[in-house]
Amino acid sequence: MTTETAILAGGCFWCVEAVFKDLIGVESVESGYIGGHVPEPTYKAVCGGDTGHAEALKVVFDPAQISYGDLLDIFFATHDPTQLNRQGNDVGTQYRSAIFPQSPEQEEAAKAGIERNASEWPAPIVTTIEANDTWWPAEGYHQDYWEGEGQRNPYCLAVIPPKLNKLRKSFANRIKEGAQA
């Protein structure tokens, strides 16, 4: 099996991870940081807004089962790509909506994805397409957050279930059998 990697930033990485984890064709997800100027960033530093990094998700997927374009459509449907440097109450460049293409083909697909999804939103999409950069995995306690601590975190309980409900409703055919999404 040949896999590809997608890196997407759509606000809090806990929320993005919960959406993509149980999709058919997704082999793994990893929360982390990308697009900044400080080596080896920490969660505390990134949350401070001074490192330039975005909280993001690295998605390793099987393109024979789910296309990059399908991942982008799910990405645009499950966060608000019209909010500049924020998602809901999370404000700052670390919460920006951004795509980090891993190839020229992904860059073209990202442009097409923005154009294809623009009519779904009442305001212009402000998602940026940014150069691939060094990926920094987030600290271990951020990985698989929704399955553990997130189920007890009031922020996650308010934000993640509506995203998962939208995923269930709009992309039911993309969810792994037995998944909780």
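This passage walks through the annotated site, the cysteines, the nonpolar cores and the salt bridges of a predicted model.

A good place to start is the record. An unreviewed UniProt entry annotates residues 5-156 as "domain: Peptide methionine sulphoxide reductase MsrA". In the model, this span is 26% helix and 22% strand, and its end C-alpha atoms lie 26 Å apart. The same kind of annotation, again from an unreviewed UniProt entry, marks Cys12 as "active site".

Cys12 sits in the loop that runs between β1 and α1. With a relative accessible area of 5%, Cys12 is buried. Leaving aside residues up to four places away in sequence, the neighbours that Cys12 touches are Glu55, Asp90, Tyr95 and Tyr155.

The cysteines invite a further look. A disulfide is a covalent bond between the sulfur atoms of two cysteines. The model holds 0 disulfides. For Cys15, the closest cysteine sulfur belongs to Cys12 and is 3.9 Å away, so the two are too far apart for a bond, given that a disulfide needs sulfur atoms within 2.5 Å. For Cys156, the closest cysteine sulfur is that of Cys15, at 5.7 Å, which is likewise too far for a bond. Both of these residues are hidden from solvent by the accessibility criterion: Cys15 counts as buried at 3% relative accessibility, and Cys156 counts as buried at 0%.

Turning to the interior, the largest nonpolar core is made up of 40 residues. Those with the most contacts inside this core are Phe20, Leu23, Val59, Leu71, Ile74, Ile99 and Leu167. Helices and strands both take part: two or more residues each come from the strands β1 (4-10), β2 (26-34) and β3 (54-61), and also from the helices α1 (13-20), α2 (43-47), α3 (68-77), α4 (104-117) and α5 (154-170). Another core, of 8 residues, lies apart from the largest one, and Ala9, Ile34, Ala56 and Ala98 are among its members.

Charged side chains add another layer to the picture, with 7 salt bridges in the structure. One of them joins Asp73 and Arg116, whose closest N and O atoms are 2.9 Å apart. This pair links distant parts of the chain, since Asp73 belongs to helix α3 and Arg116 to helix α4, 43 residues apart. The two partners differ in their surroundings: Asp73 is buried, at 19% relative accessible area, whereas Arg116 is partly exposed, at 40%.

Helix α4 also holds a salt bridge of its own, between the side chains of Glu107 and Lys111, with an N to O distance of 3.8 Å. These residues are 4 positions apart in the helix, so about one helical turn separates them. Glu107 is partly exposed at 34% relative accessibility, and Lys111 is partly exposed at 41%. The pair is part of a wider arrangement, as Glu107, Glu108 and Lys111 are linked in a network of salt bridges.

A further salt bridge brings together the side chains of Arg152 and Glu149, at 3.1 Å from N to O. Here Arg152 counts as exposed, with 56% relative accessibility, while Glu149 counts as partly exposed, with 41%.

Notes. Residues are numbered from 1 along each chain as its sequence is written. This is a predicted model: local features need pLDDT of at least 70, side-chain atom pairs count only at pLDDT 80 or more; totals for chains, interfaces and linings use all residues. Side-chain values use heavy atoms; hydrogens and water are left out. A nonpolar core is a set of buried Ala, Val, Leu, Ile, Met, Phe, Trp, Tyr and Cys residues joined through side-chain atoms within 4.5 Å. Buried means under 20% relative accessible area, exposed over 50%, partly exposed in between (1.4 Å probe, protein chains only). A salt bridge is a side-chain nitrogen of Lys or Arg within 4 Å of a carboxyl oxygen of Asp or Glu. UniProt positions are given in the numbering used here, feature names are shortened, and annotations may be inferred rather than shown by experiment. Contact means heavy atoms within 4.5 Å.
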